[in-house]
Protein chains: 2
Amino acid sequence: MHSWIDGQPGSAVNLQNRGLAYGDGLFETIAVRGGRPSLLQRHLDRLAMGCRRLAIDLDVPLARDELLAYAAQLGEGVVKLMVTRGDSPRGYAPAPGAPARRILQNSPLPAYPAAHAEQGISLFDCQTRLARQPLLAGLKHLNRLEQVLARAEWQDPAYAEGLMRDAQGLLIEGVYSNLFLVRDGVLTTPELSHCGVAGVMRGELLDQARALGIEACTAELAQADLQQADEVFTCNSVYGIWPVRSVPALKLDWPAGPLTRKLQAVARTLLDT
Amino acid sequence: MHSWIDGQPGSAVNLQNRGLAYGDGLFETIAVRGGRPSLLQRHLDRLAMGCRRLAIDLDVPLARDELLAYAAQLGEGVVKLMVTRGDSPRGYAPAPGAPARRILQNSPLPAYPAAHAEQGISLFDCQTRLARQPLLAGLKHLNRLEQVLARAEWQDPAYAEGLMRDAQGLLIEGVYSNLFLVRDGVLTTPELSHCGVAGVMRGELLDQARALGIEACTAELAQADLQQADEVFTCNSVYGIWPVRSVPALKLDWPAGPLTRKLQAVARTLLDT
């Protein structure tokens, strides 16, 4: 199925597009099954929040309608919704009032090995550190060179994800996932006020855990917290939850524990319906 | 004159382009007069350095030949040479060995008010801080949201540029220029090992100053250094040098001093020939 640009079939953007020139935009990666986008409202909320913080003038209801129509035609797959500040001549100054450009692309649902979800994964210990930039923290923006550098650190398929820390060594996230730790029955995920992407599945799991009576919080987490964790998992809005079984470089390992399994079932339900 | 993509006329890039998806690329902004790119070797050297650090597989001699041919056809203007890691399916992992994409665009030489160079400029004191990321420091890469946010802080044309600091409050650069301070006849520009763009004109001026017997160095600079400076100027490879006359928010002002004027003449010669 073709990509759409501003609601019309299209496969290319103008060289003046500020997404290309400056990474001046945002994106959402959305699982689609049965013609419906999963976690739709959370994706739209994060996108709208990002547009407010970057002062990008997006017609959110229009983006929502296009996304729904695109997902219905696609049926099953992953939809990437990209929003850029539109086109402008050379120069950092945004053209005031320029409408955002809405781009919809699709790819098949990724064929991850079933073992990732069943037995769990090993994390590569990335050396690339995330810079601390509160103005961009939490956003899924188009400035993603740090993730490109981190993902290029390993080719060994034994590692399904990489562990990323910030410049102070605090645990932040995976390269394309968020990170959760369980200790004494309490669920914790790194606080993302200085860097990191506030994942849609992360937000949903925090709420769902609390609804199930599980204590769940965000906090500054360091390597010591990883050492003391009873369970560790990663999550995103495409694959749900993967138990983390080890970080070989740190000589750490964990079982795929009961709280991880419980929330994994919750995530599966969220993505399947 | 049309843009070129990989040596052919073109005005759009595929949605799979990693420059658009992740800001996964670099650019150079080059003044062209009489059909020749100014400071050609320095631009190519910085581009090649960026490609090495980001592991982007650019054919630099080919990029050089295309740039020379494009500049010759253009005659006069500004050429933007953009290099992206090329296209890839969704995902941060670079496709190994994918050739870089070379994009050449042009715009007229900007019509800055003559007063900027003659009387000097005022700097807006930007609140946007540059994150410290040594892996990207010095490069003119395509992740430029910090510059977009900083440039959006002011609309008043009384400010020709903005002063940018890093997360620790150290002076780094302008939004689209580098910064120099003069004190007791010594020329100093911020050290850029944690953030900032190592400008082509900045590098050239450091060398040219030394060749003229002027002591010139890079250093960590803070606001106190600005207060103690005898002269301040900004530079880039399109406009050359602008004396900085004031930072009104900091209640600081300077004359357009003799060393600034001397180097301004040097920069003008570099750009005119």
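**Figure 1. The buried area between chain B and chain A.** Chain B and chain A together bury about 4200 Å², and 66% of that area lies on carbon and sulfur atoms. Three residues to look for here are Leu15(B), Tyr92(B) and Leu145(B): they supply 20% of the area that chain B buries against chain A, more than any other three residues. Please keep in mind that this is a predicted model.

**Figure 2. Residues in the contact.** Here we look at who takes part: 56 residues come from chain B and 55 residues from chain A. As for polar links, 19 residue pairs are in polar contact between chain B and chain A, both partners having pLDDT 80 or more. Salt bridges are another matter, as the rule finds 0 of them across this interface.

**Figure 3. The side of chain B that touches chain A.** Several elements of chain B give two or more residues to this side, among them the strands β4 (25–33) and β8 (121–130) and the helices α2 (40–54) and α5 (145–151). If you follow just one element, try α5(B), which gives the most, with 6 residues. Sorted by character, the residues on this side of chain B comprise 27 nonpolar, 18 polar and 11 charged.

**Figure 4. Two strands that pair across the chains.** Strand β3 of chain A, residues 12–14, pairs with β3(B) in the antiparallel sense, over 3 bridges. Which residue of β3(B) is the bridge partner of Val13(A)? The partner is Val13(B). On the chain B side, β3 (12–14) is also one of the elements that give two or more residues to the side touching chain A.

Note on methods
Residues are numbered from 1 along each chain as its sequence is written. Chains are lettered from A and ligands numbered from 1 in the order in which they are written. This is a predicted model: local features need pLDDT of at least 70, side-chain atom pairs count only at pLDDT 80 or more; totals for chains, interfaces and linings use all residues. Side-chain values use heavy atoms; hydrogens and water are left out. Contact means heavy atoms within 4.5 Å. Buried area is the accessible area (1.4 Å probe) that two parts lose on being put together, summed over both. A salt bridge is a side-chain nitrogen of Lys or Arg within 4 Å of a carboxyl oxygen of Asp or Glu. A polar contact is a pair of N or O atoms within 3.5 Å; within protein, one must be able to donate a hydrogen and the other to accept it, and residues adjacent in sequence count only if both atoms are side-chain atoms. Helices (H or I, at least four residues) and strands (E, at least two) are DSSP runs, numbered from the N terminus. Ala, Val, Leu, Ile, Met, Phe, Trp, Tyr, Cys and Pro count as nonpolar, Asp, Glu, Lys and Arg as charged, and the others, Gly among them, as polar. Two strands pair if DSSP finds at least two bridges between them.
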